[in-house]
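Take a look at the model below. We will walk through a helix pair, a pocket and a residue that belongs to both topics.

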Amino acid sequence: MRARTKALAISKAVKEKVLERDKYCVWCGRPGIPNAHFIPRSRGGLGIEENVLTLCPECHRKYDHTTERKKMQGHFRIYLRMQYPDWDENKLYYKKGG
């Protein structure tokens, strides 16, 4: 597996930590799956808990494929900052060699 592919993938351990943190979909409150990247993989978003959210399938689809993304991302940004006081969006991107 290439380094970038591995860095963007969400490990089982990260999924478990994120589900423990979130419990449910952080947008609608329904049962969800901890596999949504705040910064998308297509833009180099890392598979680390500070960049992963629990979303139900419907909210994950909305986040990835609709114009609601910007509004949802604002909510998620606040949520992640509350979870991680030193959260820095710039540290969520894959950097070659880093």
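Is the crossing of helix 3 and helix 4 left-handed or right-handed? The crossing is left-handed: the near helix is turned anticlockwise from the far one by less than a right angle, whereas clockwise would make it right-handed. Helices here are DSSP runs (H or I, at least four residues), strands are E runs of at least two, and both are numbered from the N terminus.

This is a predicted model, where local features need pLDDT of at least 70, side-chain atom pairs count only at pLDDT 80 or more, and totals for chains, interfaces and linings use all residues. Residues are numbered from 1 along each chain as its sequence is written, and side-chain values use heavy atoms, without hydrogens and water.

Two packed helices are described by the angle between their axes and the distance between the axes. Helix 3 covers residues 57-65 and helix 4 covers residues 69-83. They pack at about 115°, with axes 8 Å apart. That makes helix 3 roughly perpendicular to helix 4, a term for angles of 65 to 115 degrees. Cys59, Lys62, Tyr63 and Asp64 of helix 3 make the contact (heavy atoms within 4.5 Å) with Arg69, Met72, Gln73 and Phe76 of helix 4.

Now find the largest pocket. A pocket is an open set of points on a 1 Å grid, with protein on both sides within 12 Å along at least five of seven lines; a 1.4 Å probe fits at the points, and lining residues have an atom within 4 Å of one. Its volume, the space filled by probe spheres set on the points, is about 220 Å³. The lining includes His37, Pro40, Asp64 and Arg69. Strand 1 (33-37) and helix 3 each give two or more residues to this lining.

Finally, follow Arg69, which lies in helix 4. Arg69 and His37 are 32 residues apart in sequence and 12 Å apart in space, C-alpha to C-alpha. Beyond its neighbours within four places in sequence, Arg69 contacts residues including His37, Phe38 and Pro40.

How values were computed
Axes fitted to C-alpha atoms, helices over the stretch in contact; angles between N-to-C directions. Parallel < 35°, antiparallel > 145°, perpendicular 65-115°, else oblique.
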